[in-house]
Amino acid sequence: ISITDLVDESYKRIHEVENKVQAFLTLDEENARTYAKQLDDAISNSENNVLFGMPIGIKDNIVTKGLRTTAASKILENFDPIYDATVIQKLKATQTVTIGKLNMDEFAMGSSNENSSYKVTRNPWDTDRVPGGSSGGSAAAVASGEVLFSLGSDTGGSIRQPAAFCGVVGLKPTYGRVSRFGLIAFASSLDQIGPITRTVEDNAYLLQTISGLDEMDSTSANVDVPNFLSSLTGDVKGLKIAVPKEYLGEGVNEEVRQSVLEALKVLEGLGATWEEVSLPHSKYALATYYLLSSSEASANLARFDGVRYGYRTDNASNLLELYKQTRSEGFGDEVKRRIMLGTFALSSGYYDAYYKKAQKVRTLIKKDFEDVFEKYDVIVGPTTPTPAFKIGENTKDPMTMYANDILTIPVNLAGVPGISVPCGFSEGLPLGLQIIGKHFDEGTIYRVAHAFE
Ligand code: GLN
């Protein structure tokens with residue numbers, strides 16, 4: 001099969017289903033086809049390069065040179081970046097074909113794609129339901145066969161939750177594993193780019209390609225990138241699994257609980273053992289996350305002032321008004337809510353009571369994970385408390401929407417890696433199993449995920 005055929009297939013599928021799924025914000029069809037043809041003419045470069053010519057979709061908060069990048073915000077409606085994110089440079093070196101840019105919640109704030117300023121992506125399994133978020137477009141595009149691979153970003157669950165809702169595989173790498181250079185920042189101490197794919201093997205290939213130290217991101221880690229593929233042995237004999245009781249307790253749907261217990265049985269059958277443990281501070285994770293992520297967001301989003309990027313208001317007669325009007329017209333409601341929350345938490349007089357306190361709790365949450373990982377190899381639980389909810393179901397109540405990420409958020413606060421792999425269905429909707437690993441031990445996560453798959 002030629003690269004031209006592969007890319008043809010991708011666009012054919014997109015033209016078939018996109019009016020229902022709505023995963024893409026921008027398609028790059030002409031360039032992708034031209035590039036595919038070039039690759040076919042130079043096919044000799046493909047030796048030992050599994051990703052050569054593979055059609056890939058990119059979340060719209062990852063900057064792509066010359067290709068419209070909006071982060072699903074009106075404030076970046078006409079932003080064409082002049083450089084590529086490091087992950088894009090790495091993909092280009094591997095010669096993947098970028099099919100287009102994928103829908104998301106504005107600036108990655110949300111759990112349903114309903115916060116996009118442009119469109120609501122739909123869950124391919126049931127188009128009345130959300131695909132999850134914020135990387136909803138990335139998960140829906142893979143689930144519906146529009147692309148084979150995609151990149152998402154995960155600050156509090158934004159790769160794993162949509163992967164669970166759409167029945168695909170999504171990994172949030174260890175903080176520092178993948179360069180954030182060129183990722184439009186939401187909360188810099190939590191954000192990570194990661195792969196969304198149909199299989200664990202594909203996922204490992206994609207992570208292999210995008211990982212590694214980058215001098216353009218001072219938080220990228222100087223840690224060896226092992227060969228993730230060599231972890232896919234199918235062997236989990238003797239592996240010790242911890243199951244946090246907080247992850248199967250109140251608020252978790254019964255079918256979700258059952259699907260996790262079934263998955264544990266399968267892993268037991270393969271020679272692993274599991275025990276119940278506790279992550280006692282996880283009950284504070286949601287509050288801690290929304291304080292810290294909103295504080296960081298309020299600082300990161302200060303750069304969108306109508307002077308340097310994208311949208312600028314027509315209704316201003318002086319500079320202060322220009323800032324104010326541009327931001328009131330350019331940002332959506334959820335983004336404004338976070339900026340206000342974060343600005344408040346960081347303001348003098350409240351800083352110690354909120355921001356500083358939240359940082360201390362973050363350390364306790366991190367310590368919970370360290371304690372468990374002293375005795376166990378991985379932590380296993382559900383990815384989400386419920387399957388995909390209906391479009392519109394949670395939009396009126398931000399708190400219920402926020403609670404959807406209760407099982408994924410502690411992982412970002414601790415900086416450890418986590419994956420979601422499909423583990424059954426509830427009323428025809430896919431469910432995800434979350435496997436959490438030690439710092440920089442994505443290998444063991446893949447080993448378990450692959451054995452289970
Ligand atoms: N849903 C969470 C939020 O709204 C997580 C988003 C993310 O991981 N980018 O902040």
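The following paragraphs describe the ligand site, the cavity and the pockets of a predicted model.

The ligand is surrounded by 15 residues, and the closest of these are Gly156, Ser158, Tyr289, Arg338 and Asp405. When sorted by class, this shell comprises 5 nonpolar, 7 polar and 3 charged residues. Backbone atoms approach the ligand at alanine 108, where an N or O atom lies 2.8 Å from a ligand nitrogen, and at threonine 155, where a backbone N or O atom lies 2.8 Å from a ligand oxygen. A side chain also takes part: a polar side-chain atom of tyrosine 290 is placed 3.5 Å from an oxygen atom of the ligand. On its own the ligand has 290 Å² of accessible area, and the protein covers 100% of it.

The position of the ligand can also be described in terms of the enclosed space. The structure holds 1 cavity of 30 Å³ or more. The largest cavity has a volume of about 90 Å³, and the ligand sits in it. Its lining consists of 16 residues, with Ala108, Gly110, Ser158, Tyr289 and Asp405 nearest the centre. The class composition of this lining is 6 nonpolar, 8 polar and 2 charged residues. Ser158, Tyr289 and Asp405 are thus named both among the residues closest to the ligand and among those nearest the cavity centre.

Annotation is available for part of this region. An unreviewed UniProt entry places the feature "active site" at Lys59, Ser134 and Ser158. These positions span 100 residues in sequence, but no two of their C-alpha atoms are more than 11.0 Å apart, so they gather at one spot. From this set, Ser134 and Ser158 belong to the lining of the largest cavity.

Open pockets were examined as well. The largest pocket has a volume of about 440 Å³. A total of 23 residues line the largest pocket, and Glu250, Gly251, Pro385, Ala403 and Ile406 lie nearest its centre. The lining of the largest pocket divides into 11 nonpolar, 7 polar and 5 charged residues. The second largest pocket contains about 310 Å³ of space. This second pocket is lined by 24 residues, and those closest to its centre are Glu114, Asn115, Asp333, Glu334 and Arg337.

Conventions:
Residues are numbered from 1 along each chain as its sequence is written. This is a predicted model: local features need pLDDT of at least 70, side-chain atom pairs count only at pLDDT 80 or more; totals for chains, interfaces and linings use all residues. Side-chain values use heavy atoms; hydrogens and water are left out. A residue is near a molecule or strand if one of its heavy atoms lies within 4 Å of it. A polar contact is a pair of N or O atoms within 3.5 Å; within protein, one must be able to donate a hydrogen and the other to accept it, and residues adjacent in sequence count only if both atoms are side-chain atoms. Accessible areas come from the Shrake-Rupley method with a 1.4 Å probe; for residues, only the protein chains shown count as cover. On a 1 Å grid over the protein atoms alone, a cavity is a set of points where a 1.4 Å probe fits but cannot get out, and a pocket is an open set with protein on both sides within 12 Å along at least five of seven lines; lining residues have an atom within 4 Å of a point. A molecule sits in a cavity or pocket if more than half of its atoms lie within 2 Å of its grid points. Ala, Val, Leu, Ile, Met, Phe, Trp, Tyr, Cys and Pro count as nonpolar, Asp, Glu, Lys and Arg as charged, and the others, Gly among them, as polar. Grid points are joined across faces, edges and corners, and a volume is the space filled by probe spheres set on the points. UniProt positions are given in the numbering used here, feature names are shortened, and annotations may be inferred rather than shown by experiment.
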